[in-house]
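Me: I am new to reading structures, and I would like a close look at one single part of this one. Could you please choose a packing contact, take me through it slowly, and then set it in its surroundings?

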Amino acid sequence: MQPPEELRVPSFRAASALPWITTPLLIALVLLAWHFYVSVSKISAFILPSPAAVWAAWKQIIVAAPTWKHTWATVYETLAGFFWASIIGIALGVALGRVRWLEVTLNPFIVATQVIPKVALVPLMIVWFGFGMTSKMVIAAVLAFFPILSNTVLGVKSVDAGHRDVMVSLNASRWMVLRRLELPSSLPYILTGMEVGVVLAIIGAVVGEFLGGDVGLGYLLVARMNAYETDVLFAVIVHMTMVGFMFYFAIGVVRRLLIPWHESVASEKAGS
Amino acid sequence: MSEGALRSAPGIQLAGVEKWYSARREPVFALAETTLSVAPGEFLVLLGPSGCGKTTLLRMIGGLVCPTRGSIRVADHELWRDGQRDDSAVRELGMVFQDANLFPWLSIEENIALPLEMRRVPRGERLRRARDLTRLVGIEGFERRWPRELSGGMRQRAAIARALSYDPRILLMDEPFGALDALTRDAMNMELQRIWGATGKTIVLVTHSITEAVFLADRVVLLSPRPGKIDTVINIDFARPRSLDLQASVEFLSIVSRLRHRLEQIS
C-alpha cells in the first residue's frame, strides 16, 4: 500500500517558505522609512547617514583587504573563546551535574563570577593578557562560559530516572552511562547554552577590541567613530550583524545534525 | 516447556527480606519479612494494590534497591553483600519497566542492541541480533525508526526485546503493560506467553490486574499493603498455551473472583 501523497514530508512547504518572503519585505519597509526620514528631516549625515550612503560604504569596506583582516581577527577570537568556554563549560557542567557535593561547594563561586558585571573585567584582562588577541579570546570565553555551564548542569540533572534505572539494571559502566545516556540526554540543553554562548562570545571579543589593540571589528568600529565616518560605522555594524548570524546559524546546523531525534528538530522538520 | 530449558533457567530465593525507606520523620516500612522462592523456568506474578511493596520487591531482586535485611539469591549468587551489588548475579537479569524507557536518541535497533554494546559485542553482530529480536517480539520493519515514531505497545515490545537481547535467564517485569489499552494488553499477554514458551526463561511479573495475573502465572503471589507482605499464594494450573477464551471460563473466573474478594479485604 502507498501512503497518501500529502503525508510525505515535502522539500518545499508554505510555512517554512514564509520567512523568505516576510523578512526581505520587512527589511525593505524599514529601509524605506529610514530613507524617507533622512530626506525629509535633513538630519546631518554625521548623526544618521542615508541607507544609500551606508550601502555605498558597505560595498567599499567588503572589498577592502583590511576589513577582512579585522573580520578574521574577530572571528578567530570568538571561535577560540567559544571553543574553550564549551570544553570547560561542558566538562565542568557534567561534573557538577553528577556530583552533588561538588556543586554545593562550587556554586557560590560560580554565582559570584556571574554577578560581577563581566564587562568590568575587560580592562583587567587587557592588563593581564596584553593588547593582542589572547585577551579578547579570554573575554569571549568568560562571557560564553556561564550559559554553557548552567545548561549542561541542568541537562545532566534532567536525565530521566527511568533511563537511569535501565543503565543500572544493565550494569553499565560510568563511561557508558556518560556516553550513551548523560551526554545525549543533555545535548539539547547544551546546544541551547551554546546558542546563547556564541552570541555572548562575539560581544566579548568586540568589547575587548573597543578597549585595546589595533585589530578586529570592534577596533574598526571605534576607529571609524573617531574619524566621524558615520556611514562606515553603520556599514561595520551591518557587517558584524552578518558575522553574528553566521555563528548563530552554524549552531542551528549543528543542532540539526546532532539531535535529529529531539522534538525541537523533529517538529521543525514536520513543519508543524 | 522442555527439560533442557528447565535445567538451564536459574531460580531466585528470598529469605527474610525486609525493606525500610528512610524518611524525614520516621522510616517507612515498605516490605515486611518476606521469604519466597521462584523455581527455574517458573512464571511468577506478584499481584497487589498500590503500596503493597510489589515494585519494591521486584526492584530489590533486580538489583536497583538494596534490602534492609535478609538475603536474595539469584542464580546461586548472593545478590547483595553489605549494600554492594554482585554484578555477576545482575548479568542473569533482564528488566522491563512500566515505561518502555527507550532512549529517544537511539533508533529502535540501537536501543535493543544497547546491552550488547556494553558487553562489547561487535556492531554487525549486535544489529543482527537486534533484527532477530524485532521478529520475535513482532515489530519487524521498525528497526530504523525513532522510539517516538512507535505506539506505546510497540515501544513496550522493543523494551522487552532489549531485555532479551543479552539472553538473561531471568526476566523481571514491573507492570510492563500497565499503560496500555485493554486490547493491546491482551495481545501483549499472548505475546509474552509465547516468548516465555519459546525462550524458557524464569519470569517474575508485577501487576495490579487480576485477570492478567491469573492468565499469565504459574503461581500468583498476592501481597497486602502497609507494610507489604505475602498474603496468599495460588497455583494456577491451566494448560499451556492458554488462549484468551480461557478468561471466560468458569474455573478462571472463580479464581479471579476469589482473588478480588481477598484484595478488597486487604486493601
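Reply: What follows begins with a pair of helices and then moves outward to the chains around them.

The model is a predicted one, and the part chosen here is the place in chain A where helix H3, residues 65-98, packs with helix H9, residues 217-226. The axes of these two helices are 7 Å apart, and the angle between them is about 130 degrees. An angle over 145 degrees would count as roughly antiparallel and one from 65 to 115 as roughly perpendicular, and H3(A) and H9(A) are therefore oblique to each other. On the side of H3(A), the residues that meet the partner are His70(A), Thr71(A) and Thr74(A), while H9(A) brings Leu217(A), Gly218(A), Tyr219(A) and Leu220(A). Sorted by class, the residues of this contact comprise three nonpolar and four polar ones, with no charged residue.

If you follow the chain onward from this contact, you come to Tyr228(A), which sits in the loop between H9 and helix H10 (230-258) of chain A. Tyr228(A) has 11 other C-beta atoms within 10 Å, and a residue with 12 or fewer counts as exposed, so Tyr228(A) is exposed. Tyr228(A) can also be paired with Phe46(A): in sequence they are 182 residues apart, yet from C-alpha to C-alpha the separation is 6.5 Å.

Stepping back to chain A as a whole, you will find 11 helices and zero strands. Its radius of gyration is 23 Å, whereas the globule rule gives 19 Å for 272 residues, so chain A is more spread out than a compact globule. Along the principal axes, the C-alpha atoms of chain A fill a box of roughly 75 × 65 × 30 Å. Of the 272 residues in chain A, 33% are buried. Among the contacts of chain A with a separation of 6 or more, 78% join residues that are 24 or more positions apart.

Chain A also has a neighbour, since 15 residues of chain A are in contact with 18 residues of chain B. On the side of chain B, helix H3 (87-90), strand S8 (93-96) and helix H4 (108-118) each give two or more residues, and the largest share, three residues, comes from H4(B). By class, this side of chain B holds 12 nonpolar, three polar and three charged residues.

Chain B itself contains nine helices and 12 strands. For its 267 residues, a compact globule would have a radius of gyration near 18 Å, and the value for chain B is 18 Å, which agrees. The C-alpha atoms of chain B fill a box of roughly 50 × 50 × 40 Å along the principal axes, and 45% of the residues of chain B count as buried.

Chain B is divided into domain 1 (39-92 + 169-267) and domain 2 (102-167), and the C-alpha centres of these two domains lie 24 Å apart. Between them, 10 residues of domain 1 of chain B are in contact with eight residues of domain 2 of chain B. On the side of domain 1 of chain B, helix H7 (residues 182-199) of chain B supplies the largest share, five residues. That side is made up of seven nonpolar, two polar and one charged residues.

Key: Residues are numbered from 1 along each chain as its sequence is written. Chains are lettered from A and ligands numbered from 1 in the order in which they are written. This is a predicted model: local features need pLDDT of at least 70, side-chain atom pairs count only at pLDDT 80 or more; totals for chains, interfaces and linings use all residues. Axes are lines fitted to C-alpha atoms, for helices over the stretch in contact, and angles run from 0 to 180 degrees between N-to-C directions. Helices (H or I, at least four residues) and strands (E, at least two) are DSSP runs, numbered from the N terminus. Angles under 35 degrees count as roughly parallel, over 145 as roughly antiparallel, 65 to 115 as roughly perpendicular and the rest as oblique. Two residues are in contact if their C-beta atoms, placed from the backbone, lie within 7 Å. Ala, Val, Leu, Ile, Met, Phe, Trp, Tyr, Cys and Pro count as nonpolar, Asp, Glu, Lys and Arg as charged, and the others, Gly among them, as polar. Domain bounds come from an automatic or database domain assignment. The radius of gyration is taken over C-alpha atoms; the globule rule is 2.2 Å times the number of residues to the power 0.38. A residue is buried if 20 or more other C-beta atoms lie within 10 Å of its own, exposed if 12 or fewer, and partly exposed in between; C-beta atoms are placed from the backbone.
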